[in-house]
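Reader: I'm new to this one. Can you show it and walk me through a few details?

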Amino acid sequence: MTESIWMLHAKKADFDGLAARFDISPVTARIIRNRDIEDEAAFDRYLNGSLEDLYSPGLLPDMEEAVRRIRRAVKEKRRLRIVGDYDIDGVCATAVLYKGFARIGADADYVIPERIRDGYGINEQIIEAAAADGIETLVTCDNGIAAISQIARAKELGLEVIITDHHDIQTDGETGADLMPPADAIVNPKRRDSRYPWPEICGAMVAFKLIGALYDSYGIDRQEWLELLEFAAVATVGDVMKLKDENRIVVKEGLKRLACTGNPGLKSLILKNAIDPANISAYHIGFVLGPCLNASGRLQTAELAVELLLCGDPARADEIAEELKELNDKRKAMTQENVEAAADQVEKELSRDKVLVIFLPDCHESLAGIVAGRIRERYNKPVFVLTRAEGCAKGSGRSIEAYHMFHALVEVKDLLLKFGGHPMAAGFSLEESDIGEFRRRLNENAEDRLTEDDFIPRVWIDAAMPFEYVTEELIGDLERLEPFGQGNEKPQFAQKSMTVRSVRVMGRNRNVVRLSLANERGFSMDGIIFGDGDAFLEEMGRRRGIDIIYYPTVNEYNGNRTLQVVVKAWKFRD
């Protein structure tokens, strides 16, 4: 197994008091505290938050103005156009706005930029096409906050512009002042004047809040608004937002609604991927449904994914869901092929580099970020993957905690045609002839900043917990902490000085390992590992001592329920 450093959370609190107050175990209280939940009110919201605890849409800046302008557009029969984005958040946000506008009688349509032809967000071609089509009001979703010159062009053409977005706002490098486009209304929780308590919501959530405020102004029943919540939940997970505060409530409730969804498109997509609706989880959104919705924007047009979410005909929904699944299968195969090519390049040419700059000329440019992420996971180094594009090379980067990727690009900006990003990810373009110099300078700049320790992944442990503490009651407690995901990771426990009493590799592909484990006090429990069984046996050799990181579960087989642990990481002891 890849070498890693195991880190134990050491956050303090009155765990026994919190356990008594909320009828949970002290272990569970410790886990919640490890997720940066501190006071009793926050604990209560984390455990018991409901739809009644959602924040008022009116707390978002310019919400009242946006509602007023949309109502006026409806009353005066003006044509509205929604401008979305090609990823899962933009797709869901577009569907939310379109459904909401249709309900209030708006004359609205939508466009989704194409990833390769248009790039991210609204551009001048989209704006000029809207003006030529007789559109009078543009409403963006999941984009627009950075489109300063583009929105200025829209205003020149006499268009009304309402921005709904969640991305960070650019600031002036000299004055520090916010740089915002000249739109008529800007609904964005990241604005400095926002009163919204939880700014870390996705674009579809901002759209969802706008429709909530609109419905409220028309006196439409709140339950109709909540029918759109499942789109906000899917986007929240798919856009990898932190599953904290309001996001946690929305995803928790959204999963319940997805289990019995009335949306033909989502229902078809769930069934085509053989997911049991009764047991749908955040994992299924993040790793099955979400990639299908993203696949059309990567390889074709994201309008296909929007059509699925808006589709009212079950037969057509089945066709689209099948096409999206096939596109995602194709995307997975293409991704794996490029990951293997990238890894081969690293092993043969770049193994000494601290910053991996990989050129895959034939890789589809929409896959560069995914490939970079996979290579980053494998080597735990900053990774830039470049592909050949029209007239230049385009790249995507994925980083590690010790390397601020955006700052690194700023240092070599003289080589770049365009770039943008943040500490952990970036996108850029440059002349293909400059790739070698780009690689050389990034590594030269990183020489004294990155150490070999920075390349060793950290694994965080919630508690050192002996097997004796594992009970069905505790496992029931842990289930209350779901949904798991970004910012609310699945708990992990550790136990040292175990003995492997027996080991058996199972499965057609020998990818399941069953263990019998005993601690120093002789207390034993079955364990299971999902992964390369033969590699585990080879690493183990004749050794029987082992330290493990695990998660406890109940194994049900032939009507019997037994406790077991899923082993997530291990270190053999000599």
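Author: Start with α11 and α12: these helices are oblique to each other, oblique being any angle outside under 35 degrees (roughly parallel), over 145 (roughly antiparallel) and 65 to 115 (roughly perpendicular). This is a predicted model, where local features need pLDDT of at least 70, side-chain atom pairs count only at pLDDT 80 or more, and totals for chains, interfaces and linings use all residues. Residues are numbered from 1 along each chain as its sequence is written, and side-chain values use heavy atoms, without hydrogens and water.

Reader: What angle do α11 and α12 pack at, and how far apart are their axes?

Author: About 120 degrees, with the axes 8 Å apart. The axes are lines fitted to C-alpha atoms over the stretch in contact, and angles run from 0 to 180 degrees between N-to-C directions. Helices are DSSP runs (H or I, at least four residues), numbered from the N terminus.

Reader: New topic. How many salt bridges are there in the whole structure?

Author: A search finds 46. Each is a side-chain nitrogen of Lys or Arg within 4 Å of a carboxyl oxygen of Asp or Glu.

Reader: Which one links distant parts of the chain?

Author: Lysine 272 pairs with glutamate 322, at 3.4 Å from N to O. Lysine 272 sits in α13 and glutamate 322 in α16, 50 residues apart.

Reader: Is lysine 272 buried or partly exposed?

Author: Partly exposed, at 29% relative accessibility. Buried is under 20%, exposed over 50%, partly exposed in between (1.4 Å probe, protein chains only). Glutamate 322 is partly exposed too, at 30%.

Reader: And arginine 441, buried or exposed?

Author: Buried, at 18%. Arginine 441 lies in helix α19.

Notes
Helix = DSSP H or I, 4+ residues; strand = E, 2+ residues; numbered from the N terminus.
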